[in-house]
Amino acid sequence: MKDRLPDFLIVGAAKSGTTSLYYYLSEHPEIYVSKMKEPHFFAFADKQISRKKLKQLIVVDKISDYEKLFQLATTNQKKGEASTYYLPFFQETISNIKLFYGHSYNKVKIIAILRNPIQRAFSQYLMLYGWGEEKLDFTTAISSIKKRMKEEWPYEFDYILSGLYYEPVKAYLNNFENVKIYLFEDLKERPLWLLNDVLQFLQVDNHIYSPNINKKYNVSGIAQSKFHKLLYEVATKYNPAKPLVKRFVSEDKKGGIRDMIKKYLFITPQIDEENSIRLKEIYKENILKLQVLIKRDLSNWLK
């Protein structure tokens, strides 16, 4: 069974470049990533989770289904997947990794990309607002988190949780021998260095492919008009013509259409100063502890 499980896990954080890294690695011939990007298996394995809490998530919660995600990998490929809930739900994830891998759990390689949590929280908000799922302004949405969680709103609406990095990162470092922590700035400013480092970490040839690092994935934004929003909804949500469209348009092409709409018809607002200050107070202690833990200067996150 262990041979059918992945060799590496990209554990997040959400809205921090994990989707881009996933697609870049998928282009490497010696790497096989699950076609389903975020199965979230180790966070929710064999657990009865309220469907309300998982509204936006498609979760693989059975080991037999999870193993099938990697059945097409060849023997010379490193297998991996990327699930952002492995960071906020680190206790459940680590426990399940040890359970399903048994004594070989330490061979699993862990990769995380961390983004300024203030910017990350706002980007997550923009994503849900852009989808039409979030109706509140950002200030009110932040103030509503505790109430919403008590009412079993989906986890995605807890904009704060996924940016509290210190405890999850510390736990992964304490429980696994092979852990790599990168910053969103690394992916943005020196992507080739990051990719080269990841490939060396995974022990695959770093000279045999040229990923399209100019392509960005899962960029948050909001429509410039109601018409632009309608176009995006037609491209992403159910409509009567979808079964017909599916016959002629692949998932990759549909993804390209969505990306094109977002690139040309969406805008990315910046977080306002008041909310920025508010979130810095929430995250300050966590950031200061994190920078000591990972030995990286994170002072720019607090400016």
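# A predicted model in questions and answers

Residues 24 or more positions apart account for 76% of the contacts (heavy atoms within 4.5 Å) in the protein chain with a separation of 6 or more. This is a predicted model, in which local features need pLDDT of at least 70, side-chain atom pairs count only at pLDDT 80 or more, and totals for chains, interfaces and linings use all residues. Residues are numbered from 1 along each chain as its sequence is written, and side-chain values use heavy atoms, with hydrogens and water left out.

Student: How many helices and strands does the protein chain come to?

Tutor: Both are DSSP runs numbered from the N terminus: helices are H or I with at least four residues, strands are E with at least two. On that basis the protein chain has 14 helices and seven strands.

Student: In what order do the five strands of the open sheet stand?

Tutor: Two strands pair if DSSP finds at least two bridges between them. Strand 1 (residues 8-10) is joined to strand 3 (residues 78-82) by three bridges, and three bridges also join strand 1 to strand 4 (residues 109-114). Strand 4 in turn pairs with strand 5 over five bridges. The pairing in the sheet is parallel, and the order is 2-3-1-4-5.

Student: Which strands stand at the edges of this sheet?

Tutor: An edge strand here has a single partner strand, so one side of it is left without a neighbour in the sheet. The two that fit are strand 2 (31-33) and strand 5.

Student: Is strand 5 largely enclosed or left open by the rest of the structure?

Tutor: Buried means under 20% relative accessible area, exposed over 50%, and partly exposed in between (1.4 Å probe, protein chains only). Four of the five residues of strand 5 (residues 179-183) are buried, so this strand is largely enclosed.

Student: How many residues of strand 4 are buried?

Tutor: Lys109, Ile111 and Ile113 point one way from strand 4, while Ile110, Ala112 and Leu114 point the other way. Both sets are buried, which gives six of its six residues.

Student: Which residue of strand 5 is the bridge partner of leucine 114?

Tutor: Isoleucine 110 of strand 4 stands opposite valine 179 in strand 5. For leucine 114 the bridge partner is leucine 183.

Student: Which residues touch the most other members of the largest nonpolar core?

Tutor: A nonpolar core is a set of buried Ala, Val, Leu, Ile, Met, Phe, Trp, Tyr and Cys residues joined through side-chain atoms within 4.5 Å. The largest has 62 residues, and helix 5 gives the most to it, with seven. Leaving aside neighbours within four places in sequence, tyrosine 66 is in contact with residues including Leu5, Phe41 and Tyr86. The two that touch the most other members are Tyr66 and Leu114.

Student: How are helix 5 and helix 14 oriented to each other?

Tutor: Axes are lines fitted to C-alpha atoms, for helices over the stretch in contact, and angles run from 0 to 180 degrees between N-to-C directions. The axes of helix 5 (residues 117-131) and helix 14 (residues 273-294) come within 9 Å and cross at roughly 125°. Angles under 35 degrees count as roughly parallel, over 145 as roughly antiparallel, 65 to 115 as roughly perpendicular and the rest as oblique. Helix 5 and helix 14 are therefore oblique.

Student: Which residues of helix 5 make the contact with helix 14?

Tutor: Helix 14 contributes Ser276, Leu279, Lys280, Tyr283 and Ile287. From helix 5 come Pro117, Ile118 and Ala121.
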